[in-house]
Amino acid sequence: MGASIHLIYLDIDTGFYPGAHHGLASLIGAVRADGHRVRLTHLARAIGEDEFLAAVTAEPADAYGFSAMTNQFKHVRRLAPVLAATTGKPIVVGGVHATLAPQEAAAIEGVTCACRGEGERFLPAWLDALAAGGDGRSVKGCCYSDAGRFVSTRAEDPRDLDALPAPCYDDFDMSRIVHDLGGRLSVVVSRGCPFRCAFCCNEALRKDFDPPQSYVRFRTPASAVALTADLARRHAARSIRFEDDLLLLNARWRGEFLDLYRRTVNLPFECNCRADMVSDELAAQLAAARCISVDIGIETGDQALRESVLGKRISNEQIVSAFDTLHRHGLHTYAYNMIGLPTETVEMAWRTYALNCRVKPSAGAVFYFYPYPRTELHERARRENLLLEDYERADGYTQRPSVRQTHMTHAAMRRVYRRLRAFLYLQRLRTFFPLPRWLKAPAAAVLGAAMRLCPPLVDAVTAQTPLKRWLRRMAFKV
């Protein structure tokens, strides 16, 4: 009959809209295909220990599992001990942070083991072992402490994504998620990124992969389109957002995929891209396939900082050219930015604001820099004593700086952060909000003036409120 596991996804006050987790959906599909039973608790707000226990122990399970990003791991430290003491059942921890720091994850009180690597092979095998009366320690990927000795192995990561069981999103509140995003459904059809940006966990994950050169994997175009079509039908999607790091990486794959997508799915879609990959040919190809928006990482407006500190060798002129090209082909754009990077000065930060004003993205986001374990920037910040001692206190990337006031004060960071966040919010208003065209510009001007006069208004306007959720839904509908 198999074993049962209750998975707990920690997604608490991150500053993002609580959505489905693609890794967990794939994991749930794999576990169920192996004959085991799964329940999921998606925890999007902070709750007390009693409320937590009541929610996850209402139905008994043979094991429990936590999945959490780095900035959510403090909640694992708080909740795993009480769950273990109450149930006496094995607890496994997985996800990117557990892969990058398995010894830290396995050392948490109450945690039985951590999974190092992708879990579609590991978790079914671990549950097989529990169902047979074992402890699962012999399963590849099981990392644990034994009498003061840490034992670590790498999970058997799937190479052929087509061979995986279909991901299952049914345990998430998909009707609400899709509704609140205006009918937009997120889909993933690949894994990994070959570029070596110093701030990104992909480089650390690639080094840990065996072999590293196989880390970037794609479904075949036919499989990717079939998965997208099935998920769109199941969840009544009106548009698609491909969350892949670089959906457009391989020109041959991209051509086959976009042609098949247009003929089979034909829903408006959004995807990520690098500025140095954008060309007239690519933009025309995307527009023909019903792409409506392309997301580009600006990161910082200071080219030297982007190249030497972030390890992203893309010039400002390449960024300007990419946005101009996409806009010229009728595509919307979305810009990603960071403030509070190691060695960043006030002048550098304001260059990020200036570059966004120059390229005029249709919308965008700005985050405070947050370091991931084993990334080059985390190691540099730790080595140079730049990290705040309590930087892990932040639940997400929109709450507070994580570096000391060595090159720029936190007050200066907040000023640039608020001004850029207000600009990007107003760009969304001008582009997407369902007002008559003649009314959009005056409305944006009035709101912009109010936010400049009262900077805390930026935080109030962009906070996760019923009004913000309604505005988001209206924007995505457009």
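Accessible areas here come from the Shrake-Rupley method with a 1.4 Å probe. I started from that surface, keeping in mind that the model is predicted, and I noted that the protein exposes about 20000 Å², of which carbon and sulfur atoms supply 52%.

Next I looked up the overall form. The C-alpha trace of the protein spans about 70 × 55 × 40 Å along its principal axes. I then asked what radius of gyration a compact globule with 478 residues would have; the value would be near 23 Å, and the 22 Å of the protein agrees with it. Of the 478 residues, 56% count as buried, and I wrote down that residues 24 or more positions apart account for 74% of the contacts with a separation of 6 or more.

I turned to the secondary structure, which comes to 19 helices and 15 strands. Following the strands, I found that 6 of them form an open sheet with parallel pairing, in the order 8-11-12-13-14-15. Its edge strands are strand 8 (184–187) and strand 15 (363–368), each of which pairs on one side only. Neighbouring strands of this sheet are turned by 20° against each other on average, direction ignored.

I also checked what packs on the sheet, and noted helix 9 (residues 221–234), which touches strand 8 and strand 11 (239–242). The direction of helix 9 makes about 145° with that of strand 8.

Last, I looked at one pair of strands within the sheet. Strand 12 (residues 269–273) and strand 13 (residues 291–299) run parallel and are joined by 5 bridges, and I recorded that Cys273 stands opposite Ile296 in strand 13.

Technical notes
Residues numbered from 1 in each chain as written. Predicted model: local features only at pLDDT ≥ 70, side-chain atom pairs only at ≥ 80, totals over all residues. Heavy atoms only, no water. Pairing = 2+ DSSP bridges. Helix = DSSP H or I, 4+ residues; strand = E, 2+ residues; numbered from the N terminus. Axes fitted to C-alpha atoms, helices over the stretch in contact; angles between N-to-C directions. Contact = heavy atoms within 4.5 Å. Rg over C-alpha atoms; globule rule 2.2 N^0.38 Å. Buried < 20%, exposed > 50% of the residue type's maximum accessible area, 1.4 Å probe, protein only.
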